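Here are my notes for your first read-through. Keep the structure open beside you and take the points one by one.

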Amino acid sequence: MANRIATLVGSLVEATATPYPVDRYLEFIDPMLTWRDTRAKVVDIRRQTDRSTTLTLRTTHQWKGHTAGQYVEVGVVINGTRHRRFYSPANAEAQRGDIELTVAVHENGLVSNHLRSNVRVGDVLSLETAGGTFALPAQRPAEIVLISGGSGITPVLSMLRTLVSEGHTGPITFVHYARSPQDVPYSVELDAIARSVPGVEVRLHYTRTASPEHFAADHINDVAERDGAQVYMCGPAALMSAVREYADTVGISDRIHSEAFTIEAPTPASADQLGGDLVFAKSNVTAENDGRTILEQAEAAGLTPEFGCRMGICFSCTKVRKTGTTRNVVTGDLDSEPDKHIQICVTAPCGDVEIDV
């Protein structure tokens, strides 16, 4: 019934060419009553570890589901400003229904701390369509190795849950790296799956205990090097680099499939790329260039430009560089074309730069 009302109201309002989006009116009636926007209501909150929060979200009818391994952009308003972050649903892939997000809480993470400390059951968040190419193939591999570290557990857990729900009969090895046993979300479920589902083995390694275990070849070589085995991994850059180095050594690099939610270590600026003035033209603010990304320097100057992923994926932070030369901190490439759109989360100024912020 609510969806029919939303459709009717949306059609009428759009027909009048109102200057405001239809959903801005509908949200006064009910934030979950939407015409175009996808939203989700928090229906459950769990604290599985001291460093994470698990949210179960009930979506509006616009949600088209996700494929195991994909991510979704989540929007939340904090002190009047909308912030966006990317999280991978941890539940098995589905076209409809609730989604489950487990958010790692970072010490200085604005959004992650807000989701842990301020969000309550009944609150409504915004969602975008699931995206990303990190996914299992339609023809499931005969043998699968799932590797994760820290918050990277969610996309590969979604894969594991999907395979279990499908009754996959091939061997599955789930390898996860965490600081300690207390930092493993879903530990009870993982243990239950390993005990009850034939062919599934769970291997947990802890990196900050008395005997720390970081990635080593013998953690997976008995399964990853078998004919037909495919490896799917998501986690910190150091973990994934170590796995790729191992794969290159043994000649299985073509079997590695990965997703990353942090950029690799940025390329350092040379001495001649530091200094100068960074001019935020719209805000009439000037800062001395200290070599950090334009987004970081804007925030340090008290500005609040829009951003999303902070790693050059979502393009939410795109602004026009009016003059000057900038450096892509991921690739190291320099660019000085005037009036060009750039992503300020992965772009640093080189000398004097004027940006339309």
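1. Let's start with one residue. Leaving aside its neighbours within four places in sequence, which residues is Ile 147 in contact with? There are Val 156, Val 175, Tyr 177, Ile 220, Val 231, Tyr 232, Met 233, Cys 234, Leu 239 and Val 243. Before you read on, please note that this is a predicted model.

2. Where does Ile 147 sit? Its place is in strand 7. Ile 147 has 0% relative accessibility, so it counts as buried. Take Cys 234 from the list of contacts: Ile 147 and Cys 234 are 87 residues apart in sequence, yet their C-alpha atoms are 6.5 Å apart in space.

3. Now zoom out to the sheet. Strand 7 belongs to an open sheet of five strands in the order 9-8-7-10-11, and the pairing is parallel. Strand 9 and strand 11 (256-259) are the edge strands, each pairing on one side only. On average, neighbouring strands of this sheet are turned by 15° against each other, direction ignored.

4. Look at one pair inside that sheet. Strand 7 and strand 10 pair in the parallel sense, with six bridges. One spot to find is Leu 146, which stands opposite Tyr 232 in strand 10. If you wonder what holds such pairs together, strands of a sheet pair through backbone hydrogen bonds, either parallel or antiparallel.

5. Leu 146 and Tyr 232 turn up again in the largest nonpolar core, which has 23 residues. They are among the residues with the most contacts inside it, along with Met 159, Leu 160, Phe 174 and Leu 190. At least two residues each come from strand 7 (143-149), helix 4 (153-166), strand 8 (172-178), helix 5 (187-196), strand 9 (200-206) and strand 10 (229-234). Which element gives the most to this core? Helix 4 does, with six residues.

6. Helix 4 deserves a look of its own. This helix lies across strand 7, strand 8, strand 9 and strand 10, and it runs at about 150° to strand 7. For another view of the packing, pick Leu 190: not counting residues up to four places away in sequence, Leu 190 touches Ile 153, Leu 157, Leu 160, Phe 174, Val 184, Pro 185 and Val 202.

7. There is another sheet to explore. This one is open too, with six strands in the order 4-3-6-1-2-5 and antiparallel pairing. Its edge strands are strand 4 (81-87) and strand 5 (99-104), and each pairs on one side only. The twist from one strand to the next averages 40°.

8. You can walk through part of this sheet pair by pair. Strand 1 (residues 38-46) and strand 6 are antiparallel, with four bridges; Ala 40 has Leu 125 in strand 6 as its bridge partner. Strand 1 and strand 2 form a hairpin with five residues between them, and six bridges join these two strands. Here Ile 45 stands opposite Leu 55 in strand 2. Strand 2 (residues 52-59) is also joined to strand 5 by six bridges, again antiparallel, and Thr 53 has Val 103 in strand 5 as its bridge partner.

9. What packs against these strands? The buried residues of helix 3 pack against strand 2, strand 3, strand 4, strand 5 and strand 6 (124-127). In helix 3 (residues 110-117), the buried residues are Val 111, Ser 112, His 114, Leu 115 and Arg 116.

10. Don't skip the aromatic rings. The whole structure has four aromatic pairs. Tyr 71 and Phe 86 make an edge-to-face pair, 5.2 Å centre to centre with 80° between the planes. Tyr 71 lies in the loop between strand 2 and strand 3 (72-78) and Phe 86 in strand 4, so the pair ties together parts that are 15 residues apart in sequence. Are Tyr 71 and Phe 86 buried or exposed? Both are buried. Elsewhere, Tyr 177, Phe 215 and Tyr 246 form one aromatic cluster.

11. Last, the whole chain. The secondary structure comes to eight helices and 17 strands. Of the 357 residues, 46% are buried. Among contacts with a separation of 6 or more, 65% are between residues 24 or more positions apart. The chain exposes about 17,300 Å², and carbon and sulfur atoms supply 50% of that.

Terms used. Residues are numbered from 1 along each chain as its sequence is written. This is a predicted model: local features need pLDDT of at least 70, side-chain atom pairs count only at pLDDT 80 or more; totals for chains, interfaces and linings use all residues. Side-chain values use heavy atoms; hydrogens and water are left out. Two strands pair if DSSP finds at least two bridges between them. Axes are lines fitted to C-alpha atoms, for helices over the stretch in contact, and angles run from 0 to 180 degrees between N-to-C directions. Rings of Phe, Tyr and Trp (its six-membered ring) pair if their centres lie within 6.5 Å; planes under 30 degrees apart count as stacked, over 60 as edge-to-face and the rest as tilted. Buried means under 20% relative accessible area, exposed over 50%, partly exposed in between (1.4 Å probe, protein chains only). A nonpolar core is a set of buried Ala, Val, Leu, Ile, Met, Phe, Trp, Tyr and Cys residues joined through side-chain atoms within 4.5 Å. Contact means heavy atoms within 4.5 Å. Accessible areas come from the Shrake-Rupley method with a 1.4 Å probe; for residues, only the protein chains shown count as cover.
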